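Me: I am new to this structure and would like to understand the words people use for it. Could you go through them with me, one at a time?

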Amino acid sequence: MVILRRKDLFRPKKKPQGDETEKVSAKSEKAKPSTESSTEKRVTRDKRVANATHTTRFSQTPVDDSVDDFNNAQKSDEIIVKDEKNRKEVRVRIEKIGDNETIEGEMVETSPKLKVTVRYKDKVWECNADVVRFEGKLFAIGCEKTLSEVVKTTGRHPPKDQIGEAIYEYVNANFSIDETPLVDYVEQKYADRLAEIEKDPFAWILTHTNEVVGYERLKLLTLLSVISSRMRRVMGISRIHINIVGQTGAGKSSVVKSVLKFVNDNTKMDTTRFTEKALGYLHISSFDGKVVFLEQIDNQNVTYLREALSEDKICTYVTEKVASEDGSEKLVTSKKCINGQPAFITTSVSDRVDLNREQIANRMLNVYLKYTYSRDIVKSILERADSEVPDVDKMVFMAYLLSRPNMAEVTPVEDRIITFVDKLAELTRSPVNRTVEIIRNLVRAVAIARGKTKADIDDFDFVMRNFQLDVLYNGLGLTERDVEFIEEMPKEGSLKTQEVADAMRLSKQYTLNILTTLERKGVVEGEKEDGKAFSWRLTTLGRRIKALLSNLDDVVEVRDEDGRVTGAINSKFRPDDDGGGAEEGAVPGADGGVVQGDGGEADSIMEAYKFLQKNGWTLVTEIVDLFGDGVLEALKAKDLVVFNIVDGDEYVNAK
């Protein structure tokens with residue numbers, strides 16, 4: 001990105017008409033203020049003389065043999081800038097040596113990169129210049145220091161401004177900046193790189209963000225949030241909004257920025273605050289297609305965040321100065337609205353709950369980053385170099401993003417989403433509607449990332465495999481800290497506040513605050529003993545959640561011969577060992593029946609399936625020896641395994 005300053009741009013000055021250049025009025029000279037110093041008078045005189053005697057012409061004669069660089073050239077355009085009075089001249093040659101590629105919105109601007117050679121007598125200066133557009137004109141920037149050295153040698157004859165103006169005129173007459181749609185440009189020039197990211201966008205983003213070690217799940221979520229920013233809006237929450245909660249220094253912002261570095265500045269809005277006043281002065285027509293990254297949620301932007309996360313527009317009132325009919329200024333308050341819904345990503349060091357924050361939290365996917373010490377992370381921090389993204393990578397990523405479909409139907413996986421949410425609704429007192437929107441948007445974004453217009457089972461499975469914990473935490477209204485408390489509480493019996501605090505290595509007051517919040521969520525219940533200390537125990541809901549979280553990964557889906565899901569061999573929703581029964585611990589099948597989660601043939605099938613998941617390709621004879629031929633046949637009948645023959649031996653693996 002080239003940052004332009006007005007002093008970097010040489011602009012042609014308005015030239016006088018006819019022979020006005022030759023005529024300098026004595027009266028105008030006398031009209032100068034009498035307070036003008038002798039130095040100021042000399043500078044004024046030098047400028048006037050330079051303007052009056054300077055000439056510029058183009059020559060196509062071979063350059064002088066006295067300078068090697070010019071000697072080796074064939075006939076070439078030269079700009080000759082001459083001071084007639086002092087008989088001094090400089091010669092400038094401008095050559096194109098390459099192209100610069102710049103992303104501007106959804107276009108690629110291709111501008112020439114120039115080599116500028118300036119000669120004065122036997123001295124030669126060289127510099128490289130980039131051509132940029134400013135207010136419809138082209139300017140060559142990058143040679144300002146070189147031209148200063150030139151005029152220092154020539155005594156400002158001709159002056160720097162006149163050399164710059166000559167270069168300006170030549171550049172505008174001989175060069176141009178071409179514009180090409182970004183997607184077309186990348187498809188033509190970098191088709192192989194675009195094909196790489198299209199083949200597996202998730203692997204691509206993880207490979208290209210390896211300067212931040214770990215946190216793959218958060219990187220994938222950030223990518224999906226970016227993709228969701230361009231999805232066609234529907235009623236309610238149309239985007240994937242993420243709130244990453246974790247300790248200061250745990251790497252929350254670094255993870256997000258490692259992905260957002262590929263997003264151009266027209267698409268992302270990096271900010272630390274989203275206030276009423278700033279909102280009113282944003283010069284954008286729509287929030288659709290925008291990603292807003294807030295470093296931190298504070299009380300000033302809470303109100304506007306709530307509106308932005310689920311509405312079709314954001315409005316505020318702004319007071320501005322406007323000119324009245326008599327020429328004076330007056331203050332006018334007007335309503336400012338920006339249509340659309342951006343994708344929001346934010347970070348937080350606290351999961352403290354208040355009314356406003358809770359209304360935001362249930363519109364976002366709250367992701368908890370648990371810091372653990374890692375030598376690999378420390379090593380990566382020590383070895384981090386410049387994180388600037390190559391222009392090609394940014395162009396390829398943006399072309400990929402712009403070429404994705406803006407909608408993917410989720411009807412092919414509706415039954416799976418409903419089954420998941422049905423069970424979730426049994427476990428929580430909180431509404432699950434927001435959770436449905438979160439799952440739908442995740443599945444939809446995964447499908448879109450893969451270039452699909454209809455989501456399928458693979459897309460749903462990808463979401464469940466990578467983000468099931470996050471979805472469950474949100475659906476159950478839990479934070480990672482909540483989960484740690486639930487896991488610390490006994491299945492039976494109670495603990496006093498101080499006992500919980502000691503086990504968690506936290507202060508008693510902080511522990512009491514968390515337990516009070518869990519009581520409000522219906523997970524624990526407290527009772528004052530002897531009118532003094534509280535004792536806390538898990539509720540029935542709390543015990544079920546504890547069992548759920550303890551066995552989260554143990555799930556095997558069972559399908560009929562047509563590939564339809566009929567149930568699951570599952571310890572995920574299994575109740576505590578000493579409570580519940582088949583009805584509570586089972587996952588309902590499509591026909592209303594149940595598949596038991598413990599005991600009998602079902603357990604053998606589950607153990608065999610888990611064995612294959614862990615060990616990969618295994619000899620069929622070994623599986624038969626371990627689990628029996630009937631278990632293998634059951635897995636085969638339910639389409640849960642695949643077979644292969646290598647060197648005459650038959651192997652089996654889990655799907």
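**Terms and values, one by one**

Reply: Happily! Let us start with helix H5: its 15 residues reach 21 Å from the first C-alpha to the last, close to the 21 Å expected at 1.5 Å a residue. This is a predicted model, in which local features need pLDDT of at least 70 and side-chain atom pairs count only at pLDDT 80 or more, while totals for chains, interfaces and linings use all residues. Residues are numbered from 1 along each chain as its sequence is written, and side-chain values use heavy atoms, with hydrogens and water left out.

Me: What makes 21 Å the expected span of H5?

Reply: The expected span is 1.5 Å times one less than the number of residues. H5 has 15 residues, and its reach of 21 Å is close to that expectation.

Me: Why is H5 called a helix, and how many helices and strands are there?

Reply: A helix is a DSSP run of H or I with at least four residues, a strand is a run of E with at least two, and both are numbered from the N terminus. H5 has 15 residues, so it passes the helix minimum. The protein chain has 26 helices and 24 strands.

Me: Which residues of H5 are called buried?

Reply: Buried means under 20% relative accessible area, exposed means over 50%, and partly exposed is in between (1.4 Å probe, protein chains only). In H5 the buried residues include Gln-162, Gly-164, Glu-165 and Tyr-170. Of the 655 residues of the protein chain, 45% count as buried.

Me: What makes Lys-121 exposed but Arg-156 partly exposed?

Reply: Lys-121 has a relative accessible area of 59%, which is over 50%, so it is exposed. Arg-156 has 41%, which falls between the two cut-offs, so it is partly exposed. Lys-121 lies in the loop between strand S4 (107-120) and strand S5 (123-134), and Arg-156 lies in the loop between H4 and H5.

Me: Why are the phi values of Lys-121 and Arg-156 pointed out?

Reply: Most residues other than glycine have a negative phi, and most peptide bonds are trans. Lys-121 has a positive phi of about 55 degrees although it is not a glycine, and Arg-156 has one of about 65 degrees, again without being a glycine. The loop between helix H4 (144-154) and helix H5 (160-174) also holds Pro-158, and the peptide bond from His-157 to Pro-158 is cis, with omega near -5 degrees.

Me: How do you know that S15 and S17 pair?

Reply: Two strands pair if DSSP finds at least two bridges between them. S15 and strand S17 (residues 533-538) have two bridges, in the antiparallel sense, so they qualify. One of the partnerships joins Lys-496 to Ser-535 in S17.

Me: What makes S15 and S16 edge strands?

Reply: Three strands form an open antiparallel sheet in the order S15-S17-S16. Strand S15 (495-496) and strand S16 (524-529) each have a single partner strand, so one side of each is left without a neighbour in the sheet. Glu-529 lies in S16.

Me: How do you know that Glu-529 is in contact with Lys-496?

Reply: Contact means heavy atoms within 4.5 Å. Leaving aside neighbours within four places in sequence, Glu-529 is in contact with Lys-496 and Ser-535. Glu-529 and Lys-496 are 33 residues apart in sequence and 9.3 Å apart in space, but that distance runs from C-alpha to C-alpha.

Me: What is called the largest nonpolar core, and which residues touch the most other members?

Reply: A nonpolar core is a set of buried Ala, Val, Leu, Ile, Met, Phe, Trp, Tyr and Cys residues joined through side-chain atoms within 4.5 Å. The largest has 95 residues, of which Leu-182, Phe-397 and Leu-442 touch the most other members. A second, separate core of 26 residues includes Leu-114, Val-118, Tyr-170 and Ile-177.

Me: How many bridges join S3 and S4?

Reply: S3 and S4 pair in the antiparallel sense over 13 bridges, and Thr-102 stands opposite Glu-109 in S4. The two strands form a hairpin with two residues between them, and Gly-105 in the turn has a positive phi of about 65 degrees.
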